[in-house]
Amino acid sequence: MKIALGPLQYYWPRVATLEFYAAARDWPVDIVYLGETVCSRRHELRLPDWIEVADMLAEAGKTPVLSTQVLLESGADLNVLRKITENERYGVEANDMGAVYRMQGRPFTGGPFLNIYSKPTLDVIAAQGAARWVMPLEMSRAGLTQLQQDRPAGLQTEVFAYGRMPLAFSARCFTARNRNFPKDNCQYVCMDHPDGLLLETKESQAFLTINGIQTQSALVYTLIHALDDLRGLGVDVVRLSPQSQHMDQVVEAFRAVLDGRESADDAHQRLVPLMPAGPCNGYWHGRAGLDMVLDGQVVVSQAPDVRTPGVKARAA
């Protein structure tokens, strides 16, 4: 199986972003998704900058893919979408049906936000030119097993295997609202939270993570124990979502398990201290998403030590 580095979900300073991808040249990843998928107001890097990063990674032997924005809200967003889908140098990850339409039958990756849960949907996406599809975050092992049996010949499968799960998008910016800023004058406060802003209930229980207009899981999804299952199901690519620290060690842990150099249990023990929050894998097992299942037993249903630094928001 190949390892993909998913698109950056957070808003980091330009220098930090460029340094991250410069370091990624030496990581054992095969595919790197690039571009702004969350909010068009995030413009530390624009499309020409992402193309330069893609060139750098291609020279290092990686396969760059340009990801499209999930929620389009303006004519400017549409213009960027057109430029991405019209480029002939790099592959495209289509994160909404408008991007699928713009590809005009050319090969693309169907992102996790296309909500492909059934064979008829998978057939439609494949007929539109998809060369690879990404399993939705909430799908279980049982659901993937069925779709793997039914998937069209030649269509690759990718699974989100590590990171805070992107669950939903809204036209409203939650991070700006937390600081009493309007969305159109948000002061780019997302940059203050390089791994998102933890949202707690009134009982101080970790609930969700807010990341601009995106809602994420509070915990970190990890399928490091499921890599043998994924290989057995014929999965081609596992996706690791970037975090602000220790990403090189995260990639190496997954690579070590895939190569048979380390057990999943040992790698998991190495990973947990590197996570910005506690682990979960409930969706894969058909359970509540925040559950952590090991050897068939729920060992964590709500991790108490969410370690995201900084201010915490409170749910009403």
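Let's start with strand 7, residues 156-169, where 10 of the 14 residues are buried, so this strand is largely enclosed by the rest of the structure. Keep in mind as you look around that this is a predicted model.

What does strand 7 pair with? One partner is strand 6, residues 130-134, which runs parallel to strand 7 and is joined to it by 3 bridges. If you want a spot to find on the screen, look for V134, which stands opposite E158 in strand 7. Another partner is strand 11, residues 237-240; here the pairing is again parallel, over 4 bridges. In this pairing, F160 has R239 of strand 11 as its bridge partner. Then there is strand 10, residues 214-222, which pairs with strand 7 in the antiparallel sense over 6 bridges. Here you can look for R164, with V220 of strand 10 opposite. While you trace these strands, a general point is handy: the side chains of a regular strand alternate between the two faces of the sheet.

Strand 6 deserves a second look, through one of its residues, A131. Is A131 buried, partly exposed or exposed? A131 counts as partly exposed, because its relative accessibility is 34%, and partly exposed covers the range between 20% and 50%. Beyond its neighbours within four places in sequence, A131 is in contact with P107, F108, G154, L155 and Q156. You can also compare A131 with P64: the two are 67 residues apart in sequence, and their C-alpha atoms are 15 Å apart in space.

Next, turn to helix 6, residues 141-150, where L144, T145, L147 and Q148 are buried. What covers these buried residues of helix 6? The cover includes two strands you have already met, strand 6 and strand 7, along with helix 5 (119-127) and helix 8 (227-232).

Now follow the chain back to Q9, in the loop between strand 1 (2-5) and helix 1 (14-24). Although Q9 is in a loop, its relative accessible area is 5%, so Q9 is buried. Which residues does Q9 touch, leaving aside its neighbours within four places in sequence? They are V38, R42, R164, P166, N211, Q214, Q216 and S241. You may recognise R164 from the pairing with strand 10. With S241, the side chain of Q9 also shares a polar contact, at 2.7 Å from side chain to side chain.

For a pair of packed helices, move to helix 9 (residues 247-258) and helix 10 (residues 264-271). Two numbers help here, since the angle between the axes and the distance between them describe how two helices pack. The axes of helix 9 and helix 10 come within 9 Å and cross at roughly 175°. This makes the two helices roughly antiparallel, because an angle over 145 degrees counts as such. Where do they meet? Helix 9 brings Q249, V250, E252, A253, F254, A256 and V257, while helix 10 brings A264, A267, R270 and L271. Sorted by class, this contact has 8 nonpolar, 1 polar and 2 charged residues.

Just ahead of helix 9 is H246, in the loop between strand 11 and helix 9. Its backbone is worth a look, because most residues other than glycine have a negative phi. H246 is not glycine, yet its phi is positive, near 65°. With a relative accessible area of 31%, H246 is partly exposed. N115 tells a similar story: its phi is near 60°, a positive value in a residue other than glycine. You will find N115 in the loop between strand 5 (108-110) and helix 5, and N115 counts as partly exposed at 46% relative accessibility.

The last stop is R102, in helix 4 (residues 97-102). R102 is partly exposed, with a relative accessible area of 24%. Setting aside neighbours within four places in sequence, its contacts are L81, R82, T85 and E86. With E86, R102 makes a polar contact of 2.6 Å between side chains. As for L81, that residue is 21 residues from R102 in sequence, with 8.3 Å between the C-alpha atoms.

Conventions: Residues numbered from 1 in each chain as written. Predicted model: local features only at pLDDT ≥ 70, side-chain atom pairs only at ≥ 80, totals over all residues. Heavy atoms only, no water. Buried < 20%, exposed > 50% of the residue type's maximum accessible area, 1.4 Å probe, protein only. Polar contact = N/O pair within 3.5 Å; in protein donor to acceptor, adjacent residues only side chain to side chain. Contact = heavy atoms within 4.5 Å. Axes fitted to C-alpha atoms, helices over the stretch in contact; angles between N-to-C directions. Parallel < 35°, antiparallel > 145°, perpendicular 65-115°, else oblique. Nonpolar A, V, L, I, M, F, W, Y, C, P; charged D, E, K, R; others polar. Pairing = 2+ DSSP bridges.
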